[in-house]
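Got a few minutes to walk through a fold together? Have the sequence and the 3D view open side by side.

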Amino acid sequence: MAEPTDFLPLNGTDYIEFYVGNAKQSAYFYQGAFGFELVAYAGPETGVRDRASYVLQQGKIRLVLTTSLLPDSPISEHVRLHGDGVKVMALWVDDAYKSYEETTKRGARSAGEPQTLTDEFGEVRISSIYTYGETIHTFVERKNYTGAFMPGYKPRKSTAPVAPVGLKHVDHCVGNVGWGEMNTWVDFYAKVMGFQLLLTFDDEDISTEYSALMSKVMSNGNGYVKFPINEPAEGKKKSQIEEYLDYYHGPGVQHIAIATDDIVSTVGELRRRGVEFLSVPASYYADLLDRVGHIDEDLKPLQDLNILVDRDNEGYLLQIFTKPVEDRPTVFYEIIQRKGAKSFGKGNFKALFESIEREQALRGNL
Ligand code: FE2
């Protein structure tokens, strides 16, 4: 029997847009600390009256940081309620009109009808649907466009030298949803977007003494786009997912995992620039090689930088998690280097979640 055709072919992540309180200062953080280059801008100087947006790029990763210039607008309301957070996970497609039609006819709620944006560099076609919470997916078709980002944006360069840290592409984006809602959103990605279930983690896999969650990983047909979905689980004390939901005031993006080819160099540089990471006790490294077998890297720099290692049937991976990058304990980043492994570091969950619990306790939220 022929494979069913993928009704929503995706080429990868196009951009991730944050709504923030002060995009100018956020852009400085992502340039200085994470090594993203400023490539485009939209705002009053380019004829946009209600907002300012900074487009930052490193490798294939594109971040858009948007702030409202008005006291009352959907953007300022989003920031008031959620704090700085991810509004758009944009997906790169060959046909934004068809992507909209195929998903809305399967039940997706529209967040923006298909439209064609044009300027002297060609045209970009976009359309948007809602996913969990107030988060949306925008389908971006840019095969007939040669400009810096999109019509409405003008090229703009960083005003200080930017040194990239080796961030390559988005590996996966994780969403936190409410109690009992994980399967609703798993079904959404399966039915509406044609994704498949890749992995399941239940509360047995990933509960520590206190904090617990359940997670299912959804992947699109070619595996370029992976969306794990978490929901809180009952533990002795407050789930880390519940803490997120309390501070974000609803479901939203929990973390963005970014791939590097040299995690020791990337994390060393991020640390030198002041990016804060979760830490595990030294005991994690005492029997690490017994757990994961031979790895190419020296153990010492991994331990010095607090980088975690896990192995699956296909290889191993190295990973580390930042602390939240806002004052609210909401969105954070994962830096990941895959050496064959296609999984998500299940062997590190216990050490990692104990580390998160220590942070929760410091915030008075455990
Ligand atoms: Fe992750």
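What follows is a short tour of the metal site, the empty spaces, two helices and a few single residues.

## The iron site

Keep in mind that this is a predicted model. Let's start at the iron ion. Three residues hold the iron ion: His172 and His255, each through NE2, and Glu334 through OE, with distances of 2.0 to 2.2 Å. Read along the sequence, the donors follow the pattern H-x82-H-x78-E. His255 and Glu334 bring distant parts of the chain together: His255 sits in strand S14 (residues 252–260), Glu334 sits in strand S17 (residues 332–339), and the two are 79 residues apart.

Are His255 and Glu334 buried or exposed? Both are buried. His255 also turns up again in the next section, as one of the residues closest to the centre of the largest cavity.

## The closed spaces

Searching the whole structure turns up three cavities of 30 Å³ or more. The largest cavity comes in at about 230 Å³. It is lined by 21 residues, and those closest to its centre are Asn230, Gln254, His255, Phe349 and Phe353.

Which elements build that lining? At least two residues each come from strand S10 (167–176), strand S12 (212–219), strand S13 (226–233), S14, S17 and H11. H11 has the largest share, with four residues.

## The open pocket

Now for the largest pocket, which has a volume of about 740 Å³. Its lining takes in 32 residues, and Tyr15, Glu17, Tyr19, Arg51 and Ile126 are the ones nearest its centre. Two or more lining residues come from each of strand S1 (12–19), strand S3 (51–58), helix H2 (74–82), strand S5 (85–92), strand S6 (110–119), strand S7 (122–130) and strand S8 (136–141).

Which element gives the most to the lining of this pocket? That would be S6, with five residues.

## Helix H11 and Ser355

H11 runs over residues 349–362. Its length checks out: 14 residues at 1.5 Å each should span 20 Å, and the C-alpha atoms at its ends are indeed 20 Å apart. Quite a list of H11 residues is buried: Phe349, Ala351, Leu352, Phe353, Ser355, Ile356, Glu357, Glu359 and Gln360. Two of these, Phe349 and Phe353, are also among the residues closest to the centre of the largest cavity. Just past the helix, Gly364 has a positive phi of about 75°.

Ser355 is worth a click. It belongs to H11, and its relative accessibility is 2%, so it counts as buried. Setting aside residues up to four places away in sequence, Ser355 touches Leu278 and Ser279. If you want a sense of distance, Ser355 and His82 are 273 residues apart in sequence, with 24 Å between their C-alpha atoms.

## Ser343, ahead of H11

Step back to the loop between S17 and H11 and you'll find Ser343. Why does Ser343 count as buried? Because its relative accessibility is 15%, and the cut-off for buried is under 20%.

The side chain of Ser343 makes a polar contact of 2.6 Å with the side chain of Asp312. Not counting neighbours within four places in sequence, Ser343 is in contact with Leu199, Asp312, Leu317 and Arg338.

## Helix H7 and its cover

Helix H7 (residues 263–272) has Ile263, Thr266, Val267, Gly268 and Leu270 as its buried residues. The elements covering them include S10, S14, helix H10 (299–305), strand S16 (315–321) and S17. Among these, S14 carries His255 and S17 carries Glu334. After H7 comes Gly274, with a positive phi near 95°.

## Two positive phi angles outside glycine

His249 and Asn306 are worth checking by eye. His249 has a positive phi near 60° without being a glycine. It sits in the loop between helix H6 (240–248) and S14, and with a relative accessible area of 48% it is partly exposed.

Asn306 is another non-glycine residue with a positive phi, near 65°. Its place is the loop between H10 and strand S15 (308–312). At 13% relative accessibility, Asn306 counts as buried.

Note on methods:
Residues are numbered from 1 along each chain as its sequence is written. This is a predicted model: local features need pLDDT of at least 70, side-chain atom pairs count only at pLDDT 80 or more; totals for chains, interfaces and linings use all residues. Side-chain values use heavy atoms; hydrogens and water are left out. Donors are N, O and S atoms within 2.8 Å of the metal (3.2 Å for Na, K and Ca); water is not among the atoms, so sites may look incomplete. Buried means under 20% relative accessible area, exposed over 50%, partly exposed in between (1.4 Å probe, protein chains only). A polar contact is a pair of N or O atoms within 3.5 Å; within protein, one must be able to donate a hydrogen and the other to accept it, and residues adjacent in sequence count only if both atoms are side-chain atoms. Contact means heavy atoms within 4.5 Å. The expected span of a helix is 1.5 Å times one less than its number of residues. On a 1 Å grid over the protein atoms alone, a cavity is a set of points where a 1.4 Å probe fits but cannot get out, and a pocket is an open set with protein on both sides within 12 Å along at least five of seven lines; lining residues have an atom within 4 Å of a point. Grid points are joined across faces, edges and corners, and a volume is the space filled by probe spheres set on the points.
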